[in-house]
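Dear colleague,

Please find the structure below, together with its sequence. My notes on what was found in it follow.

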Amino acid sequence: MLNSFITLHSAIHPRAVTEFIYRYNISGDRAHVLLSFKVDSLSRPTEVKEVLAALEVSDMKGYDISDDELAKSHARYMIGGCHVVPDERVFRFGKP
């Protein structure tokens with residue numbers, strides 16, 4: 001799993017991550033991730049395409065939902081669905 005996280009980070013770097021929510025899949029081979037990151041507003045379409053392409057090369061599937069407020073709100077609270085995970089812990093971090 002650490003290698004997958006490093007691969008994900010490499011696809012986004014050097015952009016600043018503004019939101020990161022994930023749900024580990026019980027089967028052990030996938031996780032569902034909601035990830036937001038800063039892009040240059042002048043080159044947004046190009047940057048997003050580059051990140052999505054880098055994810056695809058690494059066998060990760062990404063979707064650009066930046067213009068869909070309903071999808072973002074839904075994903076924040078429902079990411080990954082309901083799973084029974086032994087000793088699961090939920091953490092939430094935010095800035096005032």
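**Salt bridges**

The structure, which is a predicted model, holds 5 salt bridges. One of them joins glutamate 50 to arginine 15, with 3.7 Å between the closest N and O atoms. This pair links distant parts of the chain, since glutamate 50 belongs to helix α2 and arginine 15 to the loop between α1 and β1, 35 residues apart. The two partners differ in their surroundings: arginine 15 has a relative accessible area of 18% and is therefore buried, whereas glutamate 50, at 46%, counts as partly exposed. Arg15 and Glu50 also belong to a network of salt bridges that includes Glu47.

A further salt bridge is formed by the side chains of aspartate 64 and arginine 44, at 3.4 Å from N to O. Here too, distant parts of the chain are linked: aspartate 64 lies in the loop between α2 and α3, arginine 44 lies in helix α2, and 20 residues separate them. Aspartate 64 is partly exposed because its relative accessibility is 40%, and arginine 44 is likewise partly exposed, at 25%.

Lysine 61 and glutamate 56 make another such contact, their side chains meeting at 3.6 Å, N to O. With a relative accessible area of 54%, lysine 61 is exposed; glutamate 56, at 46%, is partly exposed.

**Helix α2**

Helix α2 has 14 residues. From its first C-alpha to its last it reaches 20 Å, which is close to the 20 Å expected at 1.5 Å a residue. Which residues of α2 are buried? They are Glu47, Val48, Val51 and Leu55. These residues lie on the same side of α2, because they cover an arc of only 100° around the axis. In general, an α-helix has 3.6 residues a turn, so residues three or four places apart point the same way. Lys49 and Val57 are exposed and sit on the face of α2 that is turned away from its buried side. Glu47 thus appears twice in these notes, as a buried residue of α2 and as a member of the salt-bridge network with Arg15 and Glu50. Just after α2, aspartate 59 adopts a positive phi of about 60°.

**Nonpolar surface patch**

On the surface, a nonpolar patch is formed by Phe5, Ile6, Val17, Phe20, Tyr22 and Val33, which together have about 550 Å² of accessible area. Two elements, α1 (2-12) and β1 (17-24), each give two or more residues to the patch. The most comes from β1, with 3 residues. Phenylalanine 20 is located in strand β1, and its relative accessibility of 36% is why it counts as partly exposed.

**Confidence**

The chain has a mean pLDDT of 82, and 84% of its residues reach 70 or more. Confidence is highest in helix α2 (residues 44-57), at a mean of 93, and lowest in helix α3 (residues 69-78), at 78. As a general caution, predicted coordinates should not be read in detail where pLDDT is low.

With kind regards

Notes
Residues are numbered from 1 along each chain as its sequence is written. This is a predicted model: local features need pLDDT of at least 70, side-chain atom pairs count only at pLDDT 80 or more; totals for chains, interfaces and linings use all residues. Side-chain values use heavy atoms; hydrogens and water are left out. Patches are made of residues with over 30% relative accessible area and no salt bridge: like charges are joined within 9 Å, nonpolar side chains (Val, Leu, Ile, Met, Phe, Trp, Tyr) within 5 Å. Accessible areas come from the Shrake-Rupley method with a 1.4 Å probe; for residues, only the protein chains shown count as cover. A salt bridge is a side-chain nitrogen of Lys or Arg within 4 Å of a carboxyl oxygen of Asp or Glu. Helices (H or I, at least four residues) and strands (E, at least two) are DSSP runs, numbered from the N terminus. Buried means under 20% relative accessible area, exposed over 50%, partly exposed in between (1.4 Å probe, protein chains only). pLDDT is the predictor's confidence in each residue, from 0 to 100. The expected span of a helix is 1.5 Å times one less than its number of residues. The arc is that of the directions from the helix axis to the C-beta atoms.
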